[in-house]
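Reader: I should like to learn how a helix and its surroundings may be read from a model. Where should one begin?

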Amino acid sequence: MRSLRVLIVDDEQELVGALVERLDMRGVDAHGAHDGATALEMVEQRDFDVVLLDLKMPGMGGLEVIGRMHERRPELQIILLTGHCDAENTVKGKAAGAFDCLVKPVDIDTLLSMLNKAAGR
Amino acid sequence: MLWERGLQFLGGQTAAQCHEITNVLNTINEMVGLMGDLLWSAQHRAMDLDVERLAELTQKVSAQVQRGDQIVRAVNLFGHSADTPRAVFDLRSLLEQVAFMAQRPANLARVTLKTAFPQESISLENSPLGFQQAVFIALQIALGAADKERQVSLGYALADGGVEVHVTGADPLRDRTRVEQDERFLRHLVHALGGRVLTLMEPDDPNRITLAFPKHTGEKPGRPLTAAREDSNGS
């Protein structure tokens, strides 16, 4: 089976760098972006199975990015990453088209499990 | 209304800074996790231990801890600014505090927030919390929509009997309805603090907001506001 292809989008650059490296070590083809606009460009250029997306970012926020990504790639699964997955954020995220919501800080095994689930593996 | 909006400001800013602390902890969590992964690979997969990479990661974790510490100190100082309704405070220190707390909203609005302070500072006697709230609202008005990258600057100038606080780089294209709502409250708050809104994105100067405050409000002076004051529980 080919590697899971994941895009991680968060304006915390050190976080993205570490997470990409950790997922790479686990056989995931992981890439990072630090804002919504860059993430949209990358989604246009490559096929990803899942996007892990921060809710609050400079410029375009996570909810807007979900909508724009699904315009280009309706089949793309998007998991929201947020500081608090309260009912409001989860409902808004899913209404915008997110697969699910994860709370920071995230356990790597829980994250992998969610990524595989979102990709239908 | 002033009291309720003041509480909203106190609670909202505390929550926002806690969110920033979560971001720091999240980053530390991933970097320490990565260090663990590198060690595990060296132990169980006979891979060479990347000592340089580990050293680099320890420095990055240390930098994040310092960042987190800065935020915690700022939250502590901010929380204590509500200790008394009136106190003597150093203007420059207080404005630096406001600018620090406004960095994240500025980043989200894709605005570079700079401070332009003269060498000379001044002690004011007023409500530290109310003063911060007034300047913060002025900054929020100036931040505007996140449709293009801009720069906003916070500064002050000593004036007869008091000080003028300037916010420049305001977005003249910002939705006027929202500006008017914030403006009404800002004028009300600044008046309650004994000051005046001198300019607020006027047609002849659309990028500028100027608030004028007296050196003291004429009421009985309060206790000096000290930085990083410990509370009675020693926390």
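Author: The dialogue below treats one chain, one of its helices and one contact between chains. The model is predicted.

Reader: How many helices and strands does chain B have, and in what order do they run?

Author: Chain B has five helices and seven strands. From the N terminus, their order is α-α-β-α-β-β-α-β-β-α-β-β. Of its 235 residues, 31% are buried.

Reader: How is one to read the burial pattern of a helix?

Author: An α-helix has 3.6 residues a turn, so residues three or four places apart point the same way. In helix 3 of chain B, the buried residues include Leu91(B), Leu94(B), Leu95(B), Val98(B), Met101(B) and Ala102(B). Gln97(B), Ala99(B) and Ala106(B) are also among the buried residues of this helix.

Reader: What span does helix 3 of chain B reach, and where does a kink lie?

Author: Helix 3 covers residues 91–108 of chain B, 18 residues in total. From first C-alpha to last it reaches 26 Å, close to the 26 Å expected. A kink of about 40° lies at Ala102(B), shortly before the proline Pro105(B). Just after the helix, Arg110(B) takes a positive phi of about 60°.

Reader: How many residues does each chain bring to the contact between chains A and B?

Author: Chain B brings 19 residues and chain A brings 15 residues. On the side of chain B, helix 1, helix 2 and helix 3 each supply at least two residues. Helix 1 of chain B gives the largest share, 13 residues. By class, this side has five nonpolar, 10 polar and four charged residues.

Key
Residues numbered from 1 in each chain as written. Chains lettered and ligands numbered in written order. Predicted model: local features only at pLDDT ≥ 70, side-chain atom pairs only at ≥ 80, totals over all residues. Helix = DSSP H or I, 4+ residues; strand = E, 2+ residues; numbered from the N terminus. Expected span 1.5 Å × (residues − 1). Bend = angle between axes of the 7 residues up to and from the residue. Buried ≥ 20, exposed ≤ 12 C-beta atoms within 10 Å, placed from the backbone. Contact = placed C-beta atoms within 7 Å. Nonpolar A, V, L, I, M, F, W, Y, C, P; charged D, E, K, R; others polar.
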